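Q: Hello! Could you teach me how to read a few features of a protein model, step by step?

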Amino acid sequence: MGEAARYLLDLNLQAKQHPCACGQPVPNCEFWKDVIPLMSPEQAVAGSQLVRMRRFPSLLRDSTQATLAQEYRPILEALTNIYRKVLDCTGTEVVVDSSKNPSHALLLSRSPEVELHVLHVVRNPHDVVGSWTKKKGYLAVHPPRKVISWWWSTNVLSEALKRHAKTYRLLRYEDFTEHPGTTLGEIIADVMGSPLPLPFLNGSEATVHLQHVLSGNPDKMDSGKIKISPAKKNANGSRQLMVDLLTFPLQYRYHYLPSSGSPD
């Protein structure tokens with residue numbers, strides 16, 4: 001589904017009219033046209049404020065209580081109805097939502113109808129900064145310090161989801177690109193209980209069919225044969241030093257520094 005939760009709770013993003021990955025405007029897409037109305041504009045406006053990352057601590061405190069705060073209930077009900085609609089229409093067992101805001105996942109963990117599995121994907125901060133500081137499609141460009149702030153908050157808050165999900169897996173993006181088949185098999189086993197065949201994968205080449213992905217990196221909209229490979233390094237001496245200084249504690253934790261050893 002791409003970053004569906006983020007899209008559904010952001011009227012400003014919807015107003016930009018980015019198409020679905022199938023190429024159709026989202027309101028006209030055969031997949032989404034009957035799903036989007038399940039989140040009313042009023043719920044989207046309220047949700048955009050209630051499920052921001054800065055609200056994560058208060059939502060985390062609320063998650064320890066038996067009853068969810070009244071203000072969150074309509075948003076959670078609407079999201080749950082949307083996922084149920086997707087399952088009913090597709091006949092699938094699993095919904096994959098790649099929204100990066102940990103608050104979305106934390107809220108969904110409160111639904112009795114949602115079995116939450118968290119895949120926490122970490123990427124080298126140098127590559128993350130390099131990606132966000134270069135123009136790509138409809139995505140805005142952001143300064144390095146802002147990107148580093150996002151990198152810190154997203155990773156720290158994602159780790160806090162461990163106690164609120166049925167399974168939690170920390171995955172370095174670089175490890176995935178090196179061993180895509182093994183990694184995907186382990187992820188599937190987390191959710192389904194055992195690995196499943198991966199007919200779309202041939203070594204490091206994936207055959208991706210038409211998808212109904214919302215929002216996110218334009219690269220996610222690609223289909224056909226896609227090579228899974230590490231990102232090209234962007235040399236920038238002064239920026240590299242700044243990134244290292246501002247991120248070294250988490251770089252050490254995630255084994256990006258030479259002295260930090262191998263990943264667990």
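Q: What do the side chains of Lys166 and Glu115 meet in?

A: Let's take the general idea before the case. Side chains of opposite charge can pair when their charged atoms come close. A salt bridge is a side-chain nitrogen of Lys or Arg within 4 Å of a carboxyl oxygen of Asp or Glu. Here the side chains of Lys166 and Glu115 meet in a salt bridge, at 3.2 Å from N to O. Lys166 lies in the loop between α8 (144–159) and β2 (167–172) and Glu115 in the loop between α6 (102–108) and β1 (117–122), so the pair ties together parts that are 51 residues apart in sequence. Helices (H or I, at least four residues) and strands (E, at least two) are DSSP runs, numbered from the N terminus.

A: A word on the background, too. This is a predicted model, in which local features need pLDDT of at least 70 and side-chain atom pairs count only at pLDDT 80 or more, while totals for chains, interfaces and linings use all residues. Residues are numbered from 1 along each chain as its sequence is written, and side-chain values use heavy atoms, with hydrogens and water left out.

Q: Are Lys166 and Glu115 buried or exposed?

A: Both Lys166 and Glu115 are exposed. The cut-offs go by relative accessible area: buried means under 20%, exposed over 50%, and partly exposed in between (1.4 Å probe, protein chains only).

Q: How many salt bridges does the structure hold?

A: There are 12 salt bridges in the structure. One of them joins Lys33 to Glu30, with the closest N and O atoms 3.3 Å apart. Lys33 counts as partly exposed at 34% relative accessibility, whereas Glu30 is exposed at 61%. Another salt bridge brings together the side chains of Glu159 and Arg253 (2.7 Å, N to O). Glu159 lies in helix α8 and Arg253 in helix α11 (residues 237–253), so this pair ties together parts that are 94 residues apart in sequence. Glu159 counts as buried, at 15% relative accessibility, while Arg253 is partly exposed, at 45%.

Q: Which residues are linked in a network of salt bridges?

A: That network links Glu3, Arg6, Lys100 and Lys220.

Q: At what angle do helix α3 and helix α5 pack?

A: First, the method: axes are lines fitted to C-alpha atoms, for helices over the stretch in contact, and angles run from 0 to 180 degrees between N-to-C directions. Helix α3 (residues 41–50) and helix α5 (residues 73–90) pack at about 110°, and their axes are 9 Å apart. That makes α3 roughly perpendicular to α5. Angles under 35 degrees count as roughly parallel, over 145 as roughly antiparallel, 65 to 115 as roughly perpendicular and the rest as oblique.

Q: Which residues of α3 and α5 meet?

A: Contact means heavy atoms within 4.5 Å. Gln43, Ala46, Gly47 and Leu50 in α3 meet Pro74, Ile75 and Ala78 in α5.

Q: How do α7 and α8 pack?

A: Helix α7 (residues 125–132) packs with α8 at an angle of about 130°, with the axes 9 Å apart. The two helices, α7 and α8, are therefore oblique to each other. On the α7 side the contact is made by Pro125, Val128, Val129 and Trp132, and on the α8 side by Pro144, Val147, Ile148, Trp150 and Trp151.
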